[in-house]
Amino acid sequence: MDYKFDILQNAVDSLREALDKFSEGSDENGRAYKFAVLNFSHFLELLSKYHVSQSHPLLIYKNPFSKNISKENTIGLWDAIQFLRNEGAEFSKEFYADLEWLKKLRNNIEHHKFELNVLEVRRVLGRLIRATDEFNDYHELINVADYLGGKHLEVYGQLADDYKASLADAKIAAKGK
């Protein structure tokens, strides 16, 4: 059987896998979080490239003027983010910090050794989900949740809600000081 995914389908497939792995994670299965991070990172990169491709499909290639485009490498996450910024998209400092954190952890997982804190993984993924949703809403692009169903949508919502809950807790704590 052959699989054929366009860039958005590939992104959503990686998100589903990230959500599956995240939901499998536990104290006894901490290794699942490693794969949640890798797959979520892949989702964000592909989703960013998808947004670039909506301006022009060739702009996802490092050399869009190549005579043999099928052999060209595509841009990375940071190139895609810079393209979106150049088009007027705004991102918070927190978003950049979360992307840096995710990039560093992903690189450590892929290339060397790593440590991860499950609570931190949960918080960062939640913040990135919320930021992705806000970006998509603001620019009237896609609603990622529309591409999910069942357990995937449940875990996606849970991660986003956990972020909202931790944000509310932080505001309450700040008022108490």
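Here are a few friendly questions and answers about the helices and core of this predicted model.

Residues are numbered from 1 along each chain as its sequence is written. Local features need pLDDT of at least 70, side-chain atom pairs count only at pLDDT 80 or more, and totals for chains, interfaces and linings use all residues, while side-chain values use heavy atoms, without hydrogens and water.

Q: Why are α2 and α5 called roughly parallel to each other?
A: The axes of helix α2 (residues 31–55) and helix α5 (residues 118–138) cross at roughly 15° and come within 11 Å. Angles under 35 degrees count as roughly parallel, so α2 and α5 earn that description.

Q: Which residues of α2 meet α5?
A: Among them are Tyr 33, Val 37, Phe 40 and Phe 43, and their partners in α5 include Val 121, Leu 125 and Leu 128. The residues of this contact between α2 and α5 divide into twelve nonpolar, three polar and no charged.

Q: What makes Asn 39 buried or exposed?
A: Buried means under 20% relative accessible area, exposed over 50%, and partly exposed in between (1.4 Å probe, protein chains only). Asn 39 has 19%, so Asn 39 is buried. This residue sits in helix α2. Beyond its neighbours within four places in sequence, Asn 39 is in contact (heavy atoms within 4.5 Å) with Ser 14, Glu 17, Ala 18 and Lys 21.

Q: Which helix supplies the largest share of the largest nonpolar core?
A: That core has 46 residues, and those with the most contacts inside it include Leu 15, Phe 40 and Phe 43. Its largest share, eleven residues, comes from α2.

Definitions and conventions
Axes are lines fitted to C-alpha atoms, for helices over the stretch in contact, and angles run from 0 to 180 degrees between N-to-C directions. Helices (H or I, at least four residues) and strands (E, at least two) are DSSP runs, numbered from the N terminus. Angles under 35 degrees count as roughly parallel, over 145 as roughly antiparallel, 65 to 115 as roughly perpendicular and the rest as oblique. Ala, Val, Leu, Ile, Met, Phe, Trp, Tyr, Cys and Pro count as nonpolar, Asp, Glu, Lys and Arg as charged, and the others, Gly among them, as polar. A nonpolar core is a set of buried Ala, Val, Leu, Ile, Met, Phe, Trp, Tyr and Cys residues joined through side-chain atoms within 4.5 Å.
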